[in-house]
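Subject: A structure for you to look at

Hi there,

Here is the structure I promised to pass on to you. Please open it alongside this note, and take your time with it.

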Amino acid sequence: MELGNVTLQIFSSLEQKWLSQCQNTNKTRILTIDGGGTTALVAGASLLYLEDQIRIKTANPHARIADYFDLLAGTGIGAILASMLVADDGFGRPLFTAKDAVDFLSERKSEMFKMKNAGVFSRRRLFSAKSMDKILKEAFRNGDGKPLTLKDVCKPLLIPCFDLKSSAPFVFSRADASESPSFNFELWKVCRATSATPNLFKPFNLTSIDGKTSCSAIDGGLVMNNPTAAAVTHVLHNKQDFPLVNSVEDLLVLSLGNGPSSLSRGRNLSRNGECSPSWIVDIAMDGVSETIDQMLGNAFCWNRGDYVRIQVNDLKKKGLVEDFLKEKGSESVPFGGKRLLMETNEERIEGFAQRLAAASSNGSLPPSPCKNFNITPFASPPPLN
């Protein structure tokens with residue numbers, strides 16, 4: 001009789017655990033995009049494939065990436081992509097599809113990263129700030145030509161930079177912008193701030209909408225090239241937007257890399273054994289990204305499927321953009337090292353899209369921290385006038 005009671009308790013406990021896992025389908029979904037480089041080939045290819053897979057698996061040709069994530073974060077060119085994916089078109093819908101965003105950056109890349117005429121005897125080659133400003137202003141404006149602000153996004157957004165005035169990281173967020181105009185900035189300026197790589201651009205000075213907060217920014221990649229840890233920390237502590245998140249077990253994270261910057265350029269030490277300043281910047285960015293990946297790998301070691309990192313090992317060996325995703329994926333091993341997976345990066349993105357689609361299989365998406373109005377995720381875009 002006693003054995004029967006013990007057995008009943010065991011099966012009852014297992015049943016409750018199984019039911020709680022089944023009910024915990026509404027995980028908070030995070031998408032992060034690394035900085036690095038001027039092309040965003042890896043992240044761009046990943047986003048295109050992700051949005052295509054979401055549309056296929058939901059049978060919804062109008063689905064957008066922003067519909068299926070609760071928070072986006074990006075650094076550098078990754079921040080520009082993330083901002084484009086959540087910029088509000090004025091109707092509560094994303095202004096850009098993934099294809100629109102990637103095509104825009106591909107077509108305007110030469111203008112965005114245009115070399116500045118520094119003179120015959122100058123050793124430094126900087127990009128033109130005016131050219132970059134022009135393109136970003138063009139991207140982040142509403143139908144009336146008015147600049148969009150950090151509040152004008154349809155999902156929470158995080159973008160880091162490094163503030164020379166305070167000598168500390170500064171993280172732009174929609175949460176702070178919604179709380180006070182002193183933390184609301186024009187969106188194009190936020191993207192410029194996080195893209196001001198020291199060896200390519202001068203520091204970028206920006207001021208909040210009400211003029212009370214200022215920042216002298218350089219590239220966020222120096223401190224948060226991989227913004228995933230910042231995004232996870234934000235969600236865990238922002239109880240206003242994410243009241244049901246208590247631990248990483250409540251999260252579903254997709255982190256997109258942009259390939260190794262320093263290794264892809266094949267640089268070597270100079271004859272006297274010194275590294276160039278630009279190479280040191282690249283190494284720092286790669287090191288930050290890999291360190292964050294290792295930390296997240298440790299945090300999700302008991303639920304590995306909830307954290308997916310898409311990164312390629314060597315851009316030099318890849319030809320077509322599609323080839324980046326066909327190589328075998330890899331993941332960090334807890335407390336050091338990496339291991340090669342059987343799945344390709346393409347298959348891992350497809351599996352992640354399947355999980356996103358499954359969460360909305362009942363015809364509506366899980367609750368998500370939107371703005372004051374409700375977003376209808378499956379609505380068709382408003383008709384053009």
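Below is what I found, going from the strands to the aromatic rings, then to the helices and a few single residues.

One thing to keep in mind throughout: this is a predicted model.

**The strands around β2**

A good place to begin is strand β2, which covers residues 71-74. Both of its faces are covered: L71 and A73 are buried on one side, while L72 and G74 are buried on the other. Strand β2 also has pairing partners. With strand β1 (residues 28-33) it pairs in the parallel sense, over 4 bridges, and L31 is the residue that stands opposite L72. With strand β3 (residues 157-163) it is joined by 2 bridges, and these two strands run parallel as well. There, A73 stands opposite L158. So if you click on L72 and A73, you can look across to L31 and to L158.

**The aromatic rings**

How many aromatic pairs does the structure hold? The count is 7, and I will walk you through two of them.

In one pair, F69 and F352 are stacked, with 6.2 Å from centre to centre and 10° between the planes. This pair links distant parts of the chain: F69 sits in the loop between α2 (41-58) and β2, F352 sits in helix α12 (residues 345-359), and their positions lie 283 residues apart in sequence. Both F69 and F352 are buried.

The other pair is made by F170 and F185. Their ring centres are 6.2 Å apart and their planes stand at 90°, so this pair is edge-to-face. F170 belongs to strand β4 (residues 168-173) and F185 to the loop between α6 (174-179) and α7 (187-194), so the pair ties together parts that are 15 residues apart in sequence. Again, F170 and F185 are both buried. Together with F172, they form one aromatic cluster.

One more ring deserves a look: R192 lies over the face of F201, at 5.0 Å from the ring centre.

**Helices α4 and α5**

Helix α4 (98-112) is not straight: at S106 it bends by about 35°. Its buried residues are A98, A101, V102, F104, L105, R108 and M112. What covers them? Helices α2, α3 and α5 (129-139) are among the elements that do.

In α5, the buried residues are S131, M132, D133, I135, L136 and A139. Their cover includes α3, α4, α7 and strand β5 (204-207). Helix α5 is thus part of the cover of α4, and α4 is part of the cover of α5.

**A few single residues**

Is D88 buried or exposed? With a relative accessible area of 6%, D88 is buried, because the cut-off for buried is under 20%. You will find D88 in the loop between α3 (77-86) and α4. A polar atom of the D88 side chain lies 2.7 Å from the backbone nitrogen of G90.

T207 lies in strand β5, and at 37% relative accessibility it counts as partly exposed. Leaving out residues up to four places away in sequence, T207 touches F185, T213 and S214. F185 is the residue that also pairs with F170. The C-alpha atoms of T207 and K189 are separated by 8.9 Å, and the two residues are 18 apart along the chain.

Finally, two residues have an unusual sign for a backbone angle. Most residues other than glycine have a negative phi. A59, however, has a positive phi near 55°, and so does S167, also near 55°. Where are they? A59 is in the loop between α2 and β2, and S167 is in the loop between β3 and β4. A59 counts as exposed, at 66% relative accessibility. S167 is exposed too, with a relative accessible area of 55%.

I hope this helps you find your way around.

Best wishes

How values were computed. Residues are numbered from 1 along each chain as its sequence is written. This is a predicted model: local features need pLDDT of at least 70, side-chain atom pairs count only at pLDDT 80 or more; totals for chains, interfaces and linings use all residues. Side-chain values use heavy atoms; hydrogens and water are left out. Buried means under 20% relative accessible area, exposed over 50%, partly exposed in between (1.4 Å probe, protein chains only). A polar contact is a pair of N or O atoms within 3.5 Å; within protein, one must be able to donate a hydrogen and the other to accept it, and residues adjacent in sequence count only if both atoms are side-chain atoms. Two strands pair if DSSP finds at least two bridges between them. Rings of Phe, Tyr and Trp (its six-membered ring) pair if their centres lie within 6.5 Å; planes under 30 degrees apart count as stacked, over 60 as edge-to-face and the rest as tilted. A charge sits over a ring if NZ of Lys or CZ of Arg is within 6 Å of the ring centre and within 35 degrees of the ring normal. The bend at a residue is the angle between axes fitted to the seven residues ending there and the seven starting there. Contact means heavy atoms within 4.5 Å.
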